[in-house]
Amino acid sequence: MENVILTIHLILALLLIGVVLMQRSEGGGLGIGGGGGGTMSARGAATALTKLTWLFAIGFIITSITLTILATRGGEGGSVVDSAASDTATEAPATDAPATGGGLAGTDLTLPGTATDAPATPPRADEPAPATNP
């Protein structure tokens with residue numbers, strides 16, 4: 001059911017775009033619908049395109065509301081923020097296990113085997129490298 005309404009919604013969106021682009025604007029639009037040789041006058045074409053625009057727009061709004069109702073019908077009714085807060089509250093507390101590099105922000109992100117007494121910044125290029133004990 002939802003797929004059918006979504007397909008109708010997409011078709012209405014494309015039709016609405018097409019009808020709006022065909023309308024004559026103050027600057028002349030795409031130039032379609034002018035000239036007096038047709039069976040429809042310029043005023044009649046403008047009225048028909050305006051009516052089609054309204055028809056497609058109303059259909060688009062109805063399908064939008066229907067899709068929204070169908071999407072929320074299966075939901076739990078809670079807020080996204082509330083569900084995110086409850087997810088973090090139900091997680092197991094952190095243990096003292098070493099970090100694997102895939103943890104959350106604020107965990108130890110150092111590589112395994114790196115020295116903890118290493119300088120915070122690398123030495124300058126003109127300084128000799130510090131001697132390390134094997």
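Contact here means that heavy atoms lie within 4.5 Å. The model described is a predicted one.

**Threonine 63**

Threonine 63 is placed in helix 2. When neighbours within four places in sequence are left aside, threonine 63 is in contact with Ile5, Ile8, His9 and Leu12. Its relative accessible area is 10%, and because buried means under 20%, threonine 63 counts as buried.

The side chain of threonine 63 also takes part in two kinds of pairing, listed below.

| Side chain | Partner | Distance |
|---|---|---|
| threonine 63 | side chain of histidine 9 | 2.6 Å |
| threonine 63 | backbone oxygen of phenylalanine 60 | 2.9 Å |

The pairing with histidine 9 is a polar contact between side chains, whereas at phenylalanine 60 the partner is the backbone oxygen.

**Leucine 12 and the core**

Leucine 12 has Thr63 among its contacts, again leaving aside neighbours within four places in sequence; the others are Phe56, Gly59 and Phe60. Leucine 12 also belongs to the largest nonpolar core, which has 5 residues in all: Leu12, Leu16, Val19, Leu49 and Phe56. Helix 1 (2-22) and helix 2 (42-73) each supply at least two residues of this core. Helix 1 gives the largest share, 3 residues. Phe56 is thus both a member of this core and a contact of leucine 12.

**Surface patch**

Leu14, Ile17 and Leu21 make a nonpolar surface patch of about 320 Å². One of these residues, leucine 21, lies in helix 1.

Methods. Residues are numbered from 1 along each chain as its sequence is written. This is a predicted model: local features need pLDDT of at least 70, side-chain atom pairs count only at pLDDT 80 or more; totals for chains, interfaces and linings use all residues. Side-chain values use heavy atoms; hydrogens and water are left out. A nonpolar core is a set of buried Ala, Val, Leu, Ile, Met, Phe, Trp, Tyr and Cys residues joined through side-chain atoms within 4.5 Å. Buried means under 20% relative accessible area, exposed over 50%, partly exposed in between (1.4 Å probe, protein chains only). Helices (H or I, at least four residues) and strands (E, at least two) are DSSP runs, numbered from the N terminus. A polar contact is a pair of N or O atoms within 3.5 Å; within protein, one must be able to donate a hydrogen and the other to accept it, and residues adjacent in sequence count only if both atoms are side-chain atoms. Patches are made of residues with over 30% relative accessible area and no salt bridge: like charges are joined within 9 Å, nonpolar side chains (Val, Leu, Ile, Met, Phe, Trp, Tyr) within 5 Å. Accessible areas come from the Shrake-Rupley method with a 1.4 Å probe; for residues, only the protein chains shown count as cover. A salt bridge is a side-chain nitrogen of Lys or Arg within 4 Å of a carboxyl oxygen of Asp or Glu.
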